[in-house]
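Trainee: Could you take one part of this model and walk me through it closely? I'd like to see how it sits against its surroundings.

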Amino acid sequence: PNDKGGLYLFWVKCKIIPGITEYPFYVGRAKLTAHQNLRKRITEYYPESKKTSCRPKIKKMFKYWSNELMVSYITVSNNSNTDDYEKILINSLLLPFNSQIPDTDISQSVQAFQL
């Protein structure tokens, strides 16, 4: 939408085995301002992915998975909540193409099973 802010998620959908191979790659945010909205922010990624000065992880994401890359979004009515929601998603999912993890309080990994 042109009149909303919110969060967006780039994810891969492999057509070979539907449902099992859907994987989230990158989460971002768009605040609603006079110069920005959700639709504008998402479309900015497509020409950016072809630039040589593009962020390396974003460029790689489009280079290898552009044919299977999907985008989903959710609108957020309050701009002040957008940052918090993005932070929660990034910290929960630890997505491979998000360069910065907002909270660095990630615990040491623990083995699930002792084999």
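Mentor: Let's take helix H4, bearing in mind that the model is predicted. H4 has 15 residues and runs 22 Å from its first C-alpha to its last, close to the 21 Å expected at 1.5 Å a residue. Its buried residues are Thr82, Glu86 and Ile90. Looking down the axis of H4, you'd find these buried residues within an arc of 55°, so they line one face of the helix. That fits the usual geometry: an α-helix has 3.6 residues a turn, so residues three or four places apart point the same way. Flip to the face turned away from the buried side and you meet the exposed residues Ile88 and Ser92.

So what sits over the buried residues of H4? The cover includes strands S1 (5-13), S2 (22-30) and S3 (69-76). Zoom in on Thr82 and you can see some of this: Thr82 is buried because its relative accessible area is 0%, under the 20% cut-off. Outside its neighbours within four places in sequence, Thr82 is in contact with Gly6, Leu7, Arg29, Ala30, Lys31 and Val76.

The strands also pair among themselves. S1 pairs with S3 in the antiparallel sense over eight bridges, and Leu7 has Ile74 as its bridge partner in S3. S1 pairs with S2 too, again antiparallel and over eight bridges; there, Lys13 has Glu22 as its bridge partner in S2. S1 is mostly covered, with seven of its nine residues buried.

Back on H4, the residue that follows the helix is Leu94, whose phi is positive, near 45°.

Definitions and conventions:
Residues are numbered from 1 along each chain as its sequence is written. This is a predicted model: local features need pLDDT of at least 70, side-chain atom pairs count only at pLDDT 80 or more; totals for chains, interfaces and linings use all residues. Side-chain values use heavy atoms; hydrogens and water are left out. Buried means under 20% relative accessible area, exposed over 50%, partly exposed in between (1.4 Å probe, protein chains only). Contact means heavy atoms within 4.5 Å. Helices (H or I, at least four residues) and strands (E, at least two) are DSSP runs, numbered from the N terminus. The expected span of a helix is 1.5 Å times one less than its number of residues. The arc is that of the directions from the helix axis to the C-beta atoms. Two strands pair if DSSP finds at least two bridges between them.
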